[in-house]
Amino acid sequence: MLQLSDDDRAMLNGDRGPAPRLAMSILVRMADVYGAAELMDISQAHIDSTIYLGDATLDFAERLAALGARVAVPTSLNVSGVDECGWKDWAVPPDWAAKAARQMLAYEKMGAVPMWTCAPYQTHMRPAFGQQIAWGESNAIAFANSVIGARTERYPDLLDVCCAITGRVPAVGLHLTAQRAGQMLLRLAGVAPALQQDDQFFAVLGHLVGTLAGDQIPVIDGILVRPAEDRLKAFAAASASSGRVALFHMVGVTPEAPTLDAAFQGRAAPPAIEITTADLRAARRELTTADGQPLDMVILGSPHFSLAEFSLLAPLVAGRQVHPRVKFLVTSSRLMKERAEESGVLAPIVAFGAQITLDTCILASPMLPPEIKTLMTNSAKYAYYAPSLLNTRVTFGSLADCVRSAVEGRVVRDESLWRIA
Amino acid sequence: MADRVIAGRAIVAGNAEGDALVTSDALSFWGGYDFHTGEIIDRRHPLAGVRAAGRILAVPFSKGSSSTTAVLVEAVRAGTAPAAILTTGVDAFFALASIVADVMYGKPFPVIALEPVDFASLRSGEQLRIELSGVIRRI
């Protein structure tokens with residue numbers, strides 16, 4: 001039975017105005033769904049409801065804004081449905097752009113920070129270890145929980161904003177220490193360090209883990225390398241696309257899993273499911289739906305490209321040119337683009353012929369013209385969704401493969417590490 | 001022969017009747033469901049190309065995008081949503097979509113959690129009636 005605090009009841013009764021009342025009424029019904037005994041405070045939120053899909057998402061945003069909704073905690077905003085400044089360079093219908101911009105405005109009016117990024121954890125609003133937060137956006141949820149050790153349930157669109165307005169969440173699930181223990185064990189078996197160092201490895205592993213984990217919290221053992229943050233970001237995004245991973249533990253890598261024992265909070269680990277090199281090869285093959293060499297566009301940046309990723313890309317493209325038949329697009333945030341500009345790594349990327357889209361991505365905004373039929377990407381998330389959402393074929397490859405393919409105007413991949421020996 | 005009556009747990013209560021569309025594979029509605037047509041579009045899903053609008057969709061749980069909820073609410077608004085969703089556990093995404101569809105448009109849809117063994121007994125094409133109590137009858 002749900003016990004509300006005096007503050008909760010005041011919000012529910014409308015004493016704090018109509019917006020907290022609406023948000024709390026939804027939250028209370030959801031607390032029943034979750035089987036929560038009480039609500040608890042959060043100190044930060046990230047709103048994924050910013051993505052314009054159609055009239056319903058816009059109705060919801062504008063209804064809350066019209067009721068005078070304000071966020072009660074520091075809140076960042078996820079990608080929107082349009083690149084406010086750059087959409088005219090693409091095939092975005094003006095009516096879509098106008099409605100997506102209205103939806104952006106509605107959330108900005110609530111006092112949230114207009115980051116417009118799906119990688120808020122790489123901004124100054126990155127939460128701290130142990131911090132209680134309410135985040136939407138599947139990749140960001142998995143990253144915040146797993147890589148940072150902040151605590152959020154897997155919040156859906158339209159609930160994230162209710163949490164932000166009330167500053168409250170049902171006290172259940174991943175907010176609670178005991179619910180964060182690993183539930184299944186996946187162990188890399190004989191996967192060579194050289195393969196683990198490949199820049200596709202963590203995205204491929206994430207794709208595979210997402211398909212294996214079902215609704216369980218996976219523990220991954222047998223990692224022999226120290227992955228850079230962007231590799232864990234790629235893992236999180238991949239596992240939350242092919243599956244529903246909101247928290248994973250990587251033994252010796254993520255903060256709640258210094259040891260196998262810690263990952264399971266001292267409970268006995270279940271029998272390990274082995275992941276072999278052959279499993280990883282098969283998972284990598286699944287990410288590619290195209291065959292042959294035709295290539296229309298290279299697309300990077302799901303989740304949004306970071307400064308570190310711009311810095312890796314810059315030397316690969318310096319002095320080279322994108323093939324005239326191919327588009328090369330990087331999706332990122334205003335903040336990261338600014339940082340890349342300041343640090344001098346953006347200039348060679350632009351000189352190479354790359355375009356940059358901000359605030360959104362190719363999955364969230366109808367920007368690609370119909371003649372773009374074959375994509376290449378190093379993002380497992382782009383590779384997972386593009387065939388269904390965009391009706392395109394896709395090839396998954398490394399960052400270096402993407403650059404080389406863009407230069408040659410056809411798909412080329414270095415298969416030396418992934419070929420069957 | 002399968003039981004005529006299944007005791008489901010009403011996560012969001014409601015009445016519905018229709019033919020079942022059953023899958024054992026989780027689904028993300030964002031990138032997986034076209035709310036303009038009511039069709040499942042995830043090419044990696046066994047139900048790709050099948051229309052779920054107006055049917056009783058049995059899917060063990062949601063996966064993938066947080067925007068699954070928003071897509072479902074769009075589908076309710078557009079009249080292309082499933083008539084009800086049956087799951088194996090409590091799925092907050094489907095429940096929230098129904099609650100918001102209620103708040104915004106007065107059109108909730110039943111979301112019912114089943115025991116795995118009952119879920120496994122469901123077959124696509126069979127006619128089901130969902131009652132307010134969460135009871136599901138094969139008709």
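The exercises below, each with a worked solution, concern a predicted model.

**Exercise 1. Describe how chain B is built up and decide how its radius of gyration compares with the globule rule.**

Start with the elements: the secondary structure of chain B comprises three helices and ten strands. Next, follow them from the N terminus, where their order is β-β-β-β-β-β-α-β-α-β-α-β-β. Chain B has a radius of gyration of 13 Å, which is close to the 14 Å that the globule rule gives for 139 residues, so chain B is as compact as a globular protein of that length. To add the outline, note that the C-alpha trace of chain B spans about 35 × 35 × 20 Å along its principal axes. Finally, look inside: 53% of the 139 residues in chain B are buried, and of the contacts in chain B with a separation of 6 or more, 77% are between residues 24 or more positions apart.

**Exercise 2. Which residues does B:Gly54 contact beyond its neighbours within four places in sequence, and is B:Gly54 buried, partly exposed or exposed?**

First locate the residue, which lies in the loop between β5 (39-40) and β6 (56-58) of chain B. Then consider its surroundings: a residue needs 20 or more other C-beta atoms within 10 Å to be buried, and 12 or fewer to be exposed. B:Gly54 has 17 such atoms within 10 Å and is therefore partly exposed. Once the neighbours within four places in sequence are set aside, B:Gly54 is in contact with B:Gly18 and B:Ala83. As a distance check, B:Gly54 and B:Thr87 are 33 residues apart in sequence, while their C-alpha atoms are 17 Å apart in space.

**Exercise 3. Characterise the side of chain B that touches chain A.**

Begin with the count, which is that 32 residues of chain B are in contact with 32 residues of chain A. Then ask where these residues of chain B come from: α1 (68-78) and α2 (92-105) of chain B each supply at least two of them, and α2(B) gives the most, with eight residues. Lastly, sort the residues on this side of chain B by character, which gives 17 nonpolar, ten polar and five charged.

**Exercise 4. Test whether the length of helix α8 (residues 201-213) of chain A agrees with the expected span, and find how many of its residues are buried.**

The expected span is 1.5 Å times one less than the number of residues. For the 13 residues of α8(A) this should come to 18 Å, and because the end C-alpha atoms are 18 Å apart, the two values agree. Turning to burial, eleven of the 13 residues are buried, so α8(A) is largely enclosed by the rest of the structure. Among these buried residues are A:Phe201, A:Phe202, A:His207 and A:Ala213. Just after the helix, A:Gly214 takes a positive phi of about 55°.

**Exercise 5. Work out which strands of chain A pair with β10 (297-305), and what covers helix α16 (residues 399-408) of chain A.**

Consider β10(A) itself: nine of its nine residues are buried, so this strand is largely enclosed by the rest of the structure. One partner is β11(A), which runs parallel to β10(A) and is joined to it by five bridges, with A:Met297 standing opposite A:Lys327. The chain passes from β10(A) through α12(A) to β11(A) in a right-handed β-α-β crossover. Another partner is β13(A), which pairs with β10(A) in the parallel sense over three bridges, and here A:Ile299 stands opposite A:Thr377. From β13(A) the picture extends to strand β14 (residues 393-396) of chain A, since four bridges join these parallel strands, and A:Leu375 has A:Val394 as its bridge partner. Together with helix α15 (residues 380-389) of chain A, β13(A) and β14(A) make a right-handed β-α-β unit.

Now turn to α16(A), in which A:Asp401, A:Cys402, A:Val403, A:Ser405, A:Ala406 and A:Val407 are buried. The cover over these residues includes β10(A), α12 (307-317), β11 (327-332) and β13 (374-377) of chain A. Just after α16(A), A:Gly409 takes a positive phi of about 80°.

Note on methods:
Residues are numbered from 1 along each chain as its sequence is written. Chains are lettered from A and ligands numbered from 1 in the order in which they are written. This is a predicted model: local features need pLDDT of at least 70, side-chain atom pairs count only at pLDDT 80 or more; totals for chains, interfaces and linings use all residues. Two residues are in contact if their C-beta atoms, placed from the backbone, lie within 7 Å. Helices (H or I, at least four residues) and strands (E, at least two) are DSSP runs, numbered from the N terminus. Ala, Val, Leu, Ile, Met, Phe, Trp, Tyr, Cys and Pro count as nonpolar, Asp, Glu, Lys and Arg as charged, and the others, Gly among them, as polar. Two strands pair if DSSP finds at least two bridges between them. A crossover is right-handed if, with the strands pointing away from the viewer, the path from the first strand over the helix to the second runs clockwise. The radius of gyration is taken over C-alpha atoms; the globule rule is 2.2 Å times the number of residues to the power 0.38.
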